[in-house]
Amino acid sequence: MGRQGCSLPTAAHATSVCRRGREKPLVSLPKFPICPPNPSHHGAAAAASLAAVTAATPAGGGMVRLVPRPPLARLRSPPPPAFPLPLLPAPSLAATLLDAISASPSFPHLRHLHALIVRLPLPPTSLTFLLSRLLRRLAAVPLPQLPPLSYALNVFSSVSPPDPFLAAALLRFAFLTAAQSRFLLLLPFRVFSRLRRDHGAGLPFLPYAFSTLAKSAAASKSLPAAAAAHAVSVLVGGFDRHRFVENSLIGAYVACGDVGAARKVFDEMVVKDVISWTSIVVAYSRSGDMGSAEEVFGRCPVKDMVAWTAMVTGYAQNAMPVKALQVFDRMTALGMVIDEVSLTGAISACAQLGVVRRAAWVQEIAERNGFGNNIVVGSGLVDMFSKCGFIDEARTVFDGMQEKNVYTYSSMIAGLASHGRASEAIDLFKEMVNRANVEPNHVTFIGVLTACSHAGMVGEGRYYFAQMKDKYGIMPSADHYACMVDLLGRAGLVDEALDLVRSMTLKPHGGVWGALLGACRIHGKGEIAKVVAEHLFKLEPEAIGNYVLLSNILASAGKWDDVSKVRKLMRKQRLKKDPAVSLFEGRDGLVHQFFAGDNAHPRTQEIKKALLKLVAKLKLEGYVPILNSIVYDVNDDEKERLLMGHSEKLALSFGLLTLGSGSTIRIIKNLRICDDCHLFIRLVSRVESVEIVVRDNMRFHHFKNGECSCGGFW
């Protein structure tokens, strides 16, 4: 016979007979007194049997000889209860079990708790609540290879009739476990369909069930799923006017990018709370519709931290840094809590503006609010100081950070690259991968390749472009190709750059062709420029800069007929050239704006008079205006007059008037600095003994003692 399970050994099992026929004990018992049990528990027969065993114990202890007894008459003992009754009252017992569930470390432990819960005489409400919490905890602990959903369905099925509260918990469990894999994000919809199929109208759903479906749609960014969640919440649940469900649907539509649908749900809400208002503000901010975001934000009866943060980040992400800092200023003045997201938005706005005093102000707020060691804020500060022209301050922040990640290193490398410190950027990259063991990403290599490009390091650029794929497994993107084209083009290898573009396995974007067009401008490759421009006009038909650059290339070559054709095409497209503008931050933090040929500044006459004196002084030092920086078909005197009206020269003249010699003048220009202004400012830094930092749309130029950090590559 096969074994039917474990059974107690009999007296016959306790001895064995040796070959000589003598009995030999198998078990040796230690010397300790035996306490007989209460006879009432096991009956007189058990007591008599135990007494016989006790009597057989030798006086000196030692070995115990188990003597077989005649079989006793089978006595009827009362059956044990199904489970011992709890000693705690039901509320305290439920609380104890809830604590045990919350602290459960593993799936086997939860199974034991599950078995205990279903066997205890708990009230139905407590049973349902505990099982729902068990499902929530089940989603948090490491699970075995077996499908966790099948076990969760068994938990749900253990309660009859099916409970709506437990059904909502089951859907939440499906959502939490599905979030661990992008292939299972819509798992709650499958569970919902199964519940509907198995139970039909016998299982009514709570509002929380439909909010879980909406969250699942948001996580998967599936607009059809969001619409399906909306439909079943109305048709199955009847919750078309339930605020909790409506807020979840707004969030789902926002995550899926359908702001119109989110606004429709919002407008149809009978009662709106702060979550409703904030969700719509976030929706418009993310979509870039800051006008609508302002309108909704202004109507918000209560503005919470999330709404304020959405406005700050929305303005910053949509190139409206002044408004971003204005909102952030109001936010801090009202005593709102400053979190990592709002602070990062303000840091981004400062980086776009490049203003010094604002940068210092934001850094002070970051430290005052306990974000001094925050890795995200620290990385943002590194980027901000770099873009404000304070590369040494950026390095100080970087070196002082206790923890650094790939974004921190990438920000510092990009900052060094934009300031012309290519060797430092490459050394930092080596430190990153060799000493810090931080794995680079695609952004890191953009910074490294940019550093090589801005310093004319062709060999190093080729090496790191190959290393990116061969050593680190990062496939070059169009942005990486743009860096390589820029590197080759600036070095005069325009034909090789064109061959590289034609050999690309992915489609070149405007940045790639734009870098090649810029190389054609530097080296006067008019014919190649025409070919490149055709691609750009198809990719970016409304990008005015491409038309202007081609026109300037043709004008420099004296091809005025072709220039006229390009300008005619610009008029046909109704494109207008962006006016050149330069910004200068005064000692008091006030930002002054200068346009080319501008007469709007209140000190215009004083500025132009000082500029004429400065030009005369520089001509004594050998300054000769580079007239081909003017691409109009006019005489040389007119060209020189136009050159004197360039916005960066006006800003520099005002800076010398207000700050004087021996100071540092910082200028930000929206376009590339022209050859003549570059020469002019380089000479001023020597004659006037000032340091001048200019940020154009390409990079930073640090002028000092007649030299520029760009080394002629810009």
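The dialogue below walks through several features of this predicted model.

Visitor: Which residues does UniProt list for "repeat: PPR", and what do those spans look like here?

Guide: An annotation can be set beside the coordinates of its span. The unreviewed UniProt entry lists residues 304–338 and 405–435 under "repeat: PPR". Residues 304–338 are 74% helix and 0% strand, with the end C-alpha atoms 11 Å apart, while residues 405–435 are 84% helix and 0% strand, with the end C-alpha atoms 13 Å apart.

Visitor: How should I read a single helix, and what span does helix H6 reach from its first C-alpha to its last?

Guide: One begins with the length, then turns to the surroundings. Helix H6, made up of residues 164–178, has 15 residues and reaches 21 Å between its first and last C-alpha atoms, close to the 21 Å expected at 1.5 Å a residue.

Visitor: Is H6 mostly covered or mostly open, and what do its buried residues pack against?

Guide: H6 is mostly covered, with eleven of its 15 residues buried; among them are Leu166, Leu170, Leu171, Phe173 and Phe175, together with several alanines such as Ala167 and Ala178. The buried residues of H6 pack against helix H4 (124–138) and helix H5 (148–157), and also against helix H7 (187–199) and helix H8 (207–220).

Visitor: Which residue caps the N-terminal end of H6?

Guide: The cap is aspartate 163, which places a side-chain oxygen 2.9 Å from the backbone nitrogen of phenylalanine 165.

Visitor: How many salt bridges does the structure hold, and how does one tell a local pair from one that links distant parts of the chain?

Guide: The structure holds 25 salt bridges, and the positions of the two partners in sequence and in the helices or strands are what to compare. Aspartate 273 pairs with arginine 243, their closest N and O atoms being 3.3 Å apart. This pair links distant parts of the chain, since aspartate 273 sits in the loop between helix H11 (259–268) and helix H12 (274–287), whereas arginine 243 belongs to helix H10 (residues 243–255), 30 residues apart. Arginine 243 is partly exposed, at 37% relative accessibility.

Visitor: Where do aspartate 399 and arginine 395 lie?

Guide: The general idea comes from helix geometry: an α-helix has 3.6 residues a turn, so residues three or four places apart point the same way. Aspartate 399 and arginine 395 both belong to helix H19 (residues 391–400), where they are four residues apart, about one turn of the helix. Their side chains meet in a salt bridge of 3.2 Å, N to O. Aspartate 399 is partly exposed at 47% relative accessible area, and arginine 395 is also partly exposed, at 24%.

Visitor: Is the salt-bridge partner glutamate 648 buried or exposed?

Guide: Glutamate 648 is buried, with a relative accessible area of 0%, and lysine 669 is buried too, at 8%. These two form a salt bridge whose closest N and O atoms are 2.8 Å apart. The pair links distant parts of the chain, with lysine 669 in strand S5 (residues 664–669) and glutamate 648 in helix H32 (residues 647–659), 21 residues apart.

Visitor: What else should I look at around aspartate 392 in helix H19?

Guide: Polar contacts can be read alongside exposure. Aspartate 392, in helix H19, is partly exposed at 45% relative accessibility, and a polar contact of 3.0 Å joins its side chain to that of arginine 421. Aspartate 392 also lies 9.8 Å from valine 382, C-alpha to C-alpha, with ten residues separating them in sequence.

Visitor: How many disulfides are there, and how should cysteines with neighbouring sulfurs be read?

Guide: A disulfide is a covalent bond between the sulfur atoms of two cysteines. The structure holds zero disulfides. Cysteine 677 is in no disulfide, the nearest cysteine sulfur being that of cysteine 674 at 3.5 Å; this exceeds the cut-off, because a disulfide requires sulfur atoms within 2.5 Å. Cysteine 677 is buried, at 0% relative accessibility. Cysteine 708 is likewise in no disulfide, with the sulfur of cysteine 710 nearest at 3.4 Å, and cysteine 708 counts as buried at 13%.

Visitor: Which residues does histidine 678 touch?

Guide: A contact list is most useful when residues adjoining in sequence are set aside. Leaving out residues up to four places away in sequence, histidine 678 touches Ile673, His701, Phe703, Cys708, Cys710 and Trp714. Histidine 678 lies in helix H33 (residues 675–687) and is buried, with a relative accessible area of 7%.

Conventions
Residues are numbered from 1 along each chain as its sequence is written. This is a predicted model: local features need pLDDT of at least 70, side-chain atom pairs count only at pLDDT 80 or more; totals for chains, interfaces and linings use all residues. Side-chain values use heavy atoms; hydrogens and water are left out. UniProt positions are given in the numbering used here, feature names are shortened, and annotations may be inferred rather than shown by experiment. Helices (H or I, at least four residues) and strands (E, at least two) are DSSP runs, numbered from the N terminus. The expected span of a helix is 1.5 Å times one less than its number of residues. Buried means under 20% relative accessible area, exposed over 50%, partly exposed in between (1.4 Å probe, protein chains only). Contact means heavy atoms within 4.5 Å. A polar contact is a pair of N or O atoms within 3.5 Å; within protein, one must be able to donate a hydrogen and the other to accept it, and residues adjacent in sequence count only if both atoms are side-chain atoms. A salt bridge is a side-chain nitrogen of Lys or Arg within 4 Å of a carboxyl oxygen of Asp or Glu.
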